[in-house]
Amino acid sequence: MIEAGKPQANPSKMSSLSPKAIIHQKYGDKAFYQVEEVQVTPQNECPGLVITQKAPPCLYRCTLHLPETTVVSDTFKKKKEAEQSAAEKAIEKLGLRQKEYNPTKQEAWDDLAGRVAFLFANEFLSFPNPLSNHFRAALRRDGHFNGFVPVSVIAVYDAKTTSICKFINPAAEMNSLLVMSLVSRAAAKLSDLVIVSDDQLSVQRRNLYSPEIISSINHEASLLESIPLDVILIPVSCEKAVEPLKLNISATGYYLDVIAHALSLPGASDIIISRTIGKASSEMRIYSSTPKRLFENLSEPQTKQASHVEGSLNIRATYFAGQEIHGDAILASIGYTWKSPDLSHEAISLCSYYRNFVSKIPSGPYKVSRDAMLAAQLPLAFTTKSNWRGSFPRDILSAFCRYHHLSEPVFSTQSSMLDSSVNLPGSRKKLKATELSKKEKSELGIAAAPTGAISCNIKIYSKNQELLLECSPQESYRKQTDAVQSVALKVLRWLDIYFEKPDLSAEELGLLAKKFDIQFTQNFFKGFSLCHSVHRSGTTITQASDTTLNNVEGLNSGVTPANGCLACISYTVSLLGEGDGTKEYIESCEEFEFEVGNQAVLPHLEAAVEKMAVGQSAYFTVELPLSELILAASGDSAKTLSLLSPRSCKLEYCVTLLQVTEPLEDRMEQALFSPPLSKQRVEFAVCQIRQSSAVSLVDFGCGSGSLLDSLLSYPTSLEKIAGVDLSHRGLAKAAKLVHSKLNSLLDPNEPTSEMKSAALYYGNITEFDPQLHGFDIATCLEVIEHMEEEEACLFGNVVLSLFAPKILIVSTPNYEYNVILQGCTPRGQEDDPDEKNQGQATKFRNHDHKFEWTRAQFQHWASELAVKHNYSVEFSGVGGAADEEPGFASQIAIFRRGEESVSSMECGSEYVQIWKWSREDQPVGVS
Ligand code: SAH
Ligand code: MG
């Protein structure tokens, strides 16, 4: 019952958390759920009747192991239900829900002593949990140490102890040394129960355990096998290289004694154990010597600081563990877990050490996920899920936070519905309900285009919940995944710059942060204080300025990658000793796919691939990157290291372009329409040209000249053609294509063309150039959707009022047709399966599209323009049909200039002519 007027104790928390979540909050991965199938024997419902068709339903029962108790659920049809029920039972049993644990300092001291007493009781040894394994192993320790349990083990493996210590001193949560000292002080008060060693680093039970326990432990020991374990030694001196070490974990002894020995320490008790490093499931930890002076100081509650031990700080290990490590340290993956009663262990090679090291760089987890340390880079943008390769930005950011011992990043998405009554998809650009009035919207032709615009914001906190940084971009997206991934990528890219440029001043960093919509706090620098002293060697390559492509081999197939394509390459990277010509393979891949134009690979590599055609190979060399990257890639780190040290080296890349995959839009258009949609657009234009007997044509947004080139394959009345675009790359291709086509038409045997001149211009089609005034026909195919909607309107106005062609043909995708296109895309290329076919907004056909219009939107745009500039307009399209839902795949508007229309010939800017051809200039005799 809730009493009136009395505030309820955190009601939201109590109602919203599932039992499992409550258990997780308290125990984290110390809670272990074991689900078993329970076969139901049919209770003789109908004696004599044999049930053959149906096996009895399978039921599940869950056992939940917690450090202090084990509970078993009832049986359920679903595994999940069984787990929740077990959690619920545990909550009841432990009284977790009734009262929050909130003791006074004195109560906490009592509880701590009680906890220590509990751990050293007979029964504790029989609980199957990681800590009791240590207690049993301690009973197998040699001679003098026999039975002594290191306090470090209690501090690290008993969550309950730490949570009690927090109430004695809040700093204990982050400081296991402090927990250790509190535990040994609590133990000292239990003198009739336990003995604390002289150095206070270990505790032993005063009375012997029962003989049965001792004999069962001796029996266990006789079954154990020796374990050879690969570990890594991280010397305290940064001058010394990190090296691999082999430990022999003896059959009968205690593994912590073996590690201590390797560190030249007397025994297990002198070791301090770090928290786990890397992956959530990892048992990888750093073992080092307990800084005794610091420890002693801690046991005097008055003295707080102990800076005099700083001299022996192991920077690399400290950086790795995210907590202070002193002296030489060992990185090992070994320990008792909840999953098995045996000691679990894993070899750590130098290569995996360096991969973990690289994973601390923001782009590191991406490189690791692509298994390409020396080729992959964090891409510039999250274009589409289907073009993304490797781990997703959100996961990388989570991994990054984990590696730096920060809290999980907090994503929050907001969706601003502009007009909830109409739920039509619209543009991806910034549309804020407050910014545009209805009237303004209708002027922009987007009256019917309200849309759920989703934006995302990310906050990163330290483990203590101090805010380190926040990223809140303006951009909004139609889909939550896009919003989340794009912002995560933004944060990662900024962090990457911070990690790469240690000498960036706080001011410069701040300016940069602004560009990335990031705000950071002073705590940010605290969180990453060590990264620059650790990641300092080596240069980072950010620009492919002076790469010379040594040679491109192989025939030019003509198939070259354009932005947005997926390029598939094979490559090898070798370490090249300068002078002596030694060569060592470091990294290679038979098939490596990446999106061109998105900086998804090393700049040199991208620049090289852009110059290549399918089938060609090339090689080039670059200066050495961060040596850790090379070592993380190399299979034989020791050999690589020896090559790296004495002489100067370079990296040599050999790359072959295997295949180029067109962007999804082109693939769809080719796969689903026959002839392909692009060809149908050309044929449509040719038909208009024929009917109008046009002599001159200008193609606005000609791209790589596909329309101009194809037009020339048909007999038409055209004598003069021109193309305009803003893409140099497109124009260069167009020039090449059109040039060879025109010259081939000069062949007297093929008198198909009256063509007199052709030209290509670099220019923005929303600006007027008088040179192109008054052409018979203007085309603008699949271009407007690449501009912002305002620009599309501006273009319409400029063309009809200034360029004033007799006919203007504009095509753009029909958004409503996307359901069909995207429903037919081969499986696996598309986004989340749960978003398919649910009346959900489909995505745009191409990541470069700024909008895609419905028929209503397009017709609204075109009709307004026509009226305003005295043109008539009619609508048509290609792909699909006018009278069948959802209309044409590509919708087309044909504008015709009215008789009495007068166009004003204003002056304008002149486009830059990139290429021109005229019949007169061609060698005589050919024509
Ligand atoms: N019309 C071509 C290309 C379509 S792709 C075809 O149908 O194949 C769109 C093209 O529009 C790109 O080449 C892009 O560079 C160009 N473009 C986009 N905005 C432009 C602008 N404001 N001025 C000139 N070209 C533009
Ligand atoms: Mg397009």
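Is serine 693 buried, exposed or partly exposed? Serine 693 is partly exposed, with a relative accessible area of 47%. This and every other value below is computed from a predicted model.

## Backbone outliers

Serine 693 sits in the loop between α25 (677-692) and β22 (696-700). Its phi is positive, about 50°, although the residue is not a glycine.

Glutamine 599 also has a positive phi of about 50° and is likewise not a glycine. Glutamine 599 is found in the loop between β19 (583-595) and α21 (603-610). With a relative accessibility of 36%, glutamine 599 counts as partly exposed, because the partly exposed class runs between the 20% limit for buried and the 50% limit for exposed.

A cis peptide bond, with omega near 0°, leads from glutamate 885 to proline 886. Proline 886 belongs to the loop between β27 (871-880) and β28 (888-897).

## Magnesium site

The magnesium ion (ligand 2) has the protein donors Glu785 (OE), His786 (NE2) and His849 (NE2), at 2.3 to 2.4 Å. Along the sequence these donor residues follow the spacing E-H-x62-H. The two histidines link distant parts of the chain, 63 residues apart. Histidine 786 is in the loop between β25 (777-781) and α28 (789-803), and histidine 849 is in the loop between α29 (818-823) and α30 (855-868).

The accessibilities of the two histidines fall into separate classes. Histidine 849 is buried, at 1% relative accessible area, whereas histidine 786 counts as partly exposed at 28%.

## The eight-stranded sheet

Eight strands make up an open sheet with mixed pairing, in the order β27-β28-β26-β25-β22-β23-β24-β29. The edges are taken by β27 and β29 (912-918); each has a single partner strand, so one side of each lacks a neighbour in the sheet. On average, neighbouring strands are turned by 15° against each other, direction ignored.

Within this sheet, β25 and β26 (residues 807-813) run parallel and are joined by five bridges. One pairing concerns cysteine 780, whose bridge partner in β26 is valine 810.

Two helices lie across strands of the sheet. α25 lies across β22, β25, β26, β27 and β28, at about 145° to β27. α28 lies across β22, β25, β26, β27 and β28, and runs at about 160° to β22.

## Helix α21

Which residues of α21 are buried? They are Pro603, His604, Leu605, Glu606, Ala608 and Val609. The helix is mostly covered, with six of its eight residues buried.

The packing partners of these buried residues are β18 (566-577), β19, β20 (617-622) and β21 (649-661).

## Contact of α7 and α8

Two packed helices are described by the angle between their axes and the distance between the axes. For helix α7 (residues 159-168) and helix α8 (residues 176-188), the axes come within 10 Å and cross at roughly 90°. α7 is therefore roughly perpendicular to α8, because crossing angles of 65 to 115 degrees are classed that way.

On the α7 side the contact is made by Thr161, Thr162, Cys165 and Ile168, and on the α8 side by Val179, Leu182 and Val183. By class, this contact holds five nonpolar and two polar residues, and no charged ones.

Note on methods
Residues numbered from 1 in each chain as written. Chains lettered and ligands numbered in written order. Predicted model: local features only at pLDDT ≥ 70, side-chain atom pairs only at ≥ 80, totals over all residues. Heavy atoms only, no water. Axes fitted to C-alpha atoms, helices over the stretch in contact; angles between N-to-C directions. Helix = DSSP H or I, 4+ residues; strand = E, 2+ residues; numbered from the N terminus. Parallel < 35°, antiparallel > 145°, perpendicular 65-115°, else oblique. Contact = heavy atoms within 4.5 Å. Nonpolar A, V, L, I, M, F, W, Y, C, P; charged D, E, K, R; others polar. Donors = N, O, S within 2.8 Å, 3.2 Å for Na, K, Ca; no water. Buried < 20%, exposed > 50% of the residue type's maximum accessible area, 1.4 Å probe, protein only. Pairing = 2+ DSSP bridges.
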